[in-house]
Amino acid sequence: MKKVYIYALACALTAVSCQDNDWVADNATSQVPEIEIPMGAADGELLIKFVPEMSDILDQTLTRAGGVSTRSGIPSTDEVLSILGAYHFERVFPVDPKTEARTREAGMHLWYIVRFDKNTDLKEAARQLRKLGEISKIQSNPTIQRAYDPKKKPLYLSANDLQYVTRTDEGLAFNDPGLKHQWHYQNKGNYAFVTERAEAIAGSDVNCVEAWKSCKGDPSIIVAVLDEGVMWSHPDLKANMWTNESEEIGSTEDKDGNGYKGDRYGYNFVKNTGVISWTSAEDTGHGTHVAGTIAAVNGNGTGVSGIAGGDGTENSGVKIMTCQLFDGQYGATLAAEAKAIKYAADNGAVILQCSWGYNSPDANEALGYVPGPKNEQDWENQYPLEKEALDYFIHNAGSPNGVIDGGLAIFASGNEYAPSSSFPAGYSKCISVSAIAADFTPSSYTNYGAEITLCAPGGDGDYYGTPGKADDLTNWEGDTQGLILSTAIKNGQPAYAYMEGTSMACPHVSGVAALGLSYAVKERRHFKAAEFKELMIQTANSEFYNHYDEKVEKVYYYNHSTFGAPATQMELISRKGKMGKLVDAGALLKAIGNHGSDMIVPNVYLATGKSTSIDLARYFIDGESLNYSCTVANENIATTSVDKTILTINGIADGSTTVTIQAGSKSQTITITVRKNAGGSGWL
C-alpha cells in the first residue's frame with residue numbers, strides 16, 4: 001500500500017513539474033529544509049507557508065469558503081494535498097482589519113495549517129510538499145511543553161500567614177505585608193533563612209527601592225504573560241489586569257472584530273476560548289505567580305507587592321494580559337502559541353513574559369532531559385513560524401508614536417543546569433534570563449552561558465533549606481524565604497506561595513522593563529525596542545561577579561534523590577561572565593532621561609469632512625497640567641480646537657498645512673494632510 005501511495009504521489013509531482021508555472025521549483029533544488037517531527041507533534045498536521053505570489057489565489061479560495069477550506073486553490077499544491085489525504089486547510093492567523101495591513105507586510109497571512117488523516121506519514125508528506133515551488137516553509141505542529149515540573153507544588157501561604165514575619169518593615173515602600181518576605185526586591189542581607197553554608201548579601205536584588213523613588217508603574221504599559229492562565233480575579237491582581245472593554249467573558253460573538261471571541265482579559269489558546277481557567281488539578285498557579293512579580297497591586301495593605309504594581313492609587317500599575325498556553329494537563333500547539341504572540345502585539349502588549357521554552361541543547365540526557373535545538377539556525381529551521389511570530393512582536397508591538405516602537409520578548413533560560421540557554425530564549429533578538437540566589441551565586445538549577453542576557457533572583461531553596469529536600473516544597477523543614485514569594489492559586493482560590501526557577505527570575509526582568517517604560521511615559525521619552533533592550537543591558541550590574549572570586553565554590557544538593565547524598569560543588573569561576581548582567585531597576589530609571597528621544601506629536605492624515613483627536617498630554621512632560629494653544633497655517637484646509645488636553649482636527653479641503661502647538665514654554669509643529677480618499681484609519 002505504501003509503495004502505491006508514493007508512486008501515485010511521484011506521478012502527481014511529475015505532472016506538476018511539467019506545468020507552465022513560474023513558481024514550481026525544481027524537485028532537486030528545493031530551498032525548504034528537511035523537517036524533523038519532534039515528540040509531541042500533533043498527528044496529521046503540518047504548518048506551511050506559501051510564497052507571496054500565491055497570496056491572491058489563497059485569498060480568493062478562503063473568501064469563497066468562509067475562512068476554512070479543504071484545498072488551497074493552487075492546482076499543483078491541491079493535487080499533492082489530495083493524494084496525501086488533506087481534509088482541512090485554514091489560515092493560521094485570523095483576520096483583524098485593524099492590523100491586517102502589517103500582517104500582510106510581514107508575510108504572516110501566508111501561513112496555513114493543513115490537517116491530514118492521523119495515520120499520514122508527516123515526514124514523507126513534508127518531503128513531497130517541499131518539492132512544490134509555491135511553498136517556502138514547512139514545519140510540524142508540536143505541543144508546547146512546560147519548562148518546569150507541574151508535580152513540584154509551591155509552598156502556600158494564606159493572606160493571614162503573611163502577617164507573621166520575622167523581618168522589620170523599616171524602610172519598605174508599601175504596606176503590603178508580604179513585601180517583608182520579598183528579599184528579591186530589596187535585599188539587606190539580614191534574613192532568618194541564612195544558614196551555616198549559605199548567606200544573604202545585601203544588593204542581591206533588582207534594586208526596586210531606588211527605582212520606586214521615581215516611578216511605580218503606568219497603566220499604558222501592557223505585559224502579556226504567556227503561561228498558565230492568570231487568575232484575573234485574584235484580589236492582588238484584579239486592579240492591574242488588562243481589560244478588553246468591548247468583550248464579555250464567555251461571549252460567542254467577536255464584538256471588537258479582532259478574530260477572538262470573549263477575550264475580556266486575554267485568551268485561552270489551548271482551548272480556543274476567551275474563558276481563562278486555573279482550576280484543573282494539574283494547574284500550579286505558575287502564570288499567576290509570574291504575574292504577581294510584575295504587577296501585584298502595591299499599597300493595598302494585603303498580600304505582596306509587584307515591581308510595577310503602582311503606588312496604591314487607582315489605576316496606577318502596569319497591566320497584565322493573560323495569554324494562556326497551558327490548561328491543566330494540556331498545552332497549546334506551536335500554531336496556537338504563535339497566535340498568542342501575535343495577539344499580544346496586535347492588542348497593545350509591549351512586553352512578552354515567557355517562562356517556558358525548549359530544553360537547552362546541552363541539557364543532560366542522563367538526568368532525563370531531551371536536548372532542544374542545537375543553535376539559533378537549528379531552531380529557526382525546526383520552528384520557522386515561531387521565529388516569525390517573535391519577529392512580528394519585536395518589530396510591530398508598541399507604536400512609532402508611543403513610548404516604545406517594537407516589543408521586548410523576555411524568556412527564562414531554563415532549569416537544566418546546562419552551559420547554554422534554551423530556545424527561544426537564546427534567540428539573539430530575545431532577552432534570556434538566568435537565576436541567582438540571595439548571595440549573587442547562580443541558583444543551583446539555572447542554565448548559564450554566552451547566550452544569557454540578564455540575570456535576576458530566582459530563588460534557591462535547596463541552598464537555603466534542608467539539603468536534599470528541594471524536590472518537595474510541601475515538606476520542607478528549613479526556612480523557605482530563600483525562594484520567591486508572589487501571588488498564587490490553591491484549589492482554585494487566591495493564595496500566596498513560594499516558588500523557584502528561572503521562571504521566577506524572568507518576571508523580575510519583565511517587571512523592571514515595565515517599570516522602566518512606565519518612567520519613560522512619565523518623562524515623555526521614546527525608544528526603539530532594540531535601543532531599550534540595550535539600555536537595560538548597559539545599566540545592569542556586572543560587579544556581582546567579584547563575589548565569585550571571594551566565594552570560589554558553592555555547595556548544593558539540587559536534583560539529589562537520596563537524602564544524605566554527597567553535595568555537588570559548583571566552581572563559581574566557571575560561571576563568571578556566563579550569567580548575564582544583574583538587572584538594575586534603579587540604574588535603568590536613572591538613565592531613561594538621557595536616552596531615547598523626545599515624544600513627538602504625530603502628523604495627521606484624514607479625509608475631507610472628517611475629524612480626529614489627539615491627547616496632547618502624552619507628548620509633553622507634566623502634560624496633564626499644561627495649557628495648550630494651536631495655530632493653523634491654513635484654515636481653509638484644516639481647523640483645530642482644544643478642550644483641556646484634547647486636540648481635535650477637522651479636515652476641510654484637500655491639501656496640506658501645519659499646526660503649531662504651544663504647551664507652556666514648549667512648542668511642536670506637525671503636518672496635517674487632508675484627502676478626499678483617505679482611509680477610515682486616517683492613512684492615505
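Valine 225 has its bridge partner in strand E11: glutamine 353. The model is predicted. Strand E7, residues 222–228, pairs with E11, residues 351–354, in the parallel sense. Four bridges make up that pairing. E7 also pairs with strand E9, residues 319–327. This pairing is parallel too, over seven bridges. Here aspartate 227 stands opposite glutamine 324 of E9. E7 is mostly covered, with seven of its seven residues buried.

Helix H8 comes next. H8 spans residues 334–346 and has 13 residues. From its first C-alpha to its last, H8 reaches 18 Å. That is close to the 18 Å expected at 1.5 Å a residue. How many of the 13 residues of H8 are buried? The count is 12, so H8 is largely enclosed by the rest of the structure. The buried set includes the alanines Ala335, Ala336, Ala338, Ala340, Ala344 and Ala345. Leu334, Ile341 and Tyr343 are buried as well. So are Glu337, Lys342 and Asp346. Just after H8, glycine 348 takes a positive phi of about 105°.

Now turn to a pair of helices. Two packed helices are described by the angle between their axes and the distance between the axes. Helix H7 covers residues 286–295, and helix H12 covers residues 502–523. They pack at an angle of about 35°. Their axes are 8 Å apart. The crossing of H7 past H12 is right-handed. On the H7 side, the contact is made by His286, His289, Val290, Thr293 and Ile294. H12 contributes Ser503, Met504, Pro507, His508, Ser510 and Gly511. Which classes of residue make up this contact? Seven are polar and four are nonpolar. No charged residues take part.

The sheets give another view. Strands of a sheet pair through backbone hydrogen bonds, either parallel or antiparallel. One open sheet has three strands, in the order E12-E18-E22. Its pairing is mixed. Strand E12 (404–405) and strand E22 (597–598) stand at the edges. Each has a single partner strand, so one side of each is left without a neighbour in the sheet. E12 and strand E18, residues 525–528, run parallel and are joined by two bridges. Aspartate 405 has lysine 528 of E18 as its bridge partner.

Another open sheet has four strands. The order is E23-E29-E28-E25, again with mixed pairing. Why is one side of E23 and of E25 left without a neighbour in the sheet? Strand E23 (604–607) and strand E25 (628–632) stand at the edges, so each has a single partner strand. From one strand to the next, the twist averages 25°. Within this sheet, strand E28 (residues 655–663) and strand E29 (residues 666–675) are antiparallel partners. Nine bridges join E28 and E29. Valine 659 has isoleucine 670 in E29 as its bridge partner.

Two single residues are worth a stop. Threonine 77 is located in helix H3, residues 75–84. Is threonine 77 buried or exposed? Its relative accessibility is 0%, so threonine 77 counts as buried. Leaving aside neighbours within four places in sequence, threonine 77 is in contact with Phe50, Ser72, Leu132, Glu134 and Ile135.

Glutamate 451 sits in a loop. That loop runs between strand E14 (431–436) and strand E15 (454–457). At 33% relative accessibility, glutamate 451 counts as partly exposed. Not counting residues up to four places away in sequence, glutamate 451 touches Ser420, Ser421, Gly426 and Ser432. Take the pair of glutamate 451 and glycine 426. They are 25 residues apart in sequence. In space, the C-alpha to C-alpha distance is 5.4 Å.

Step back to the whole protein. Its secondary structure comes to 15 helices and 29 strands. The protein has 684 residues, of which 57% count as buried. Consider the contacts with a separation of 6 or more. Residues 24 or more positions apart account for 71% of them.

Definitions and conventions
Residues numbered from 1 in each chain as written. Predicted model: local features only at pLDDT ≥ 70, side-chain atom pairs only at ≥ 80, totals over all residues. Heavy atoms only, no water. Axes fitted to C-alpha atoms, helices over the stretch in contact; angles between N-to-C directions. Left-handed = near helix turned anticlockwise from the far one by under 90°. Contact = heavy atoms within 4.5 Å. Nonpolar A, V, L, I, M, F, W, Y, C, P; charged D, E, K, R; others polar. Expected span 1.5 Å × (residues − 1). Buried < 20%, exposed > 50% of the residue type's maximum accessible area, 1.4 Å probe, protein only. Pairing = 2+ DSSP bridges.
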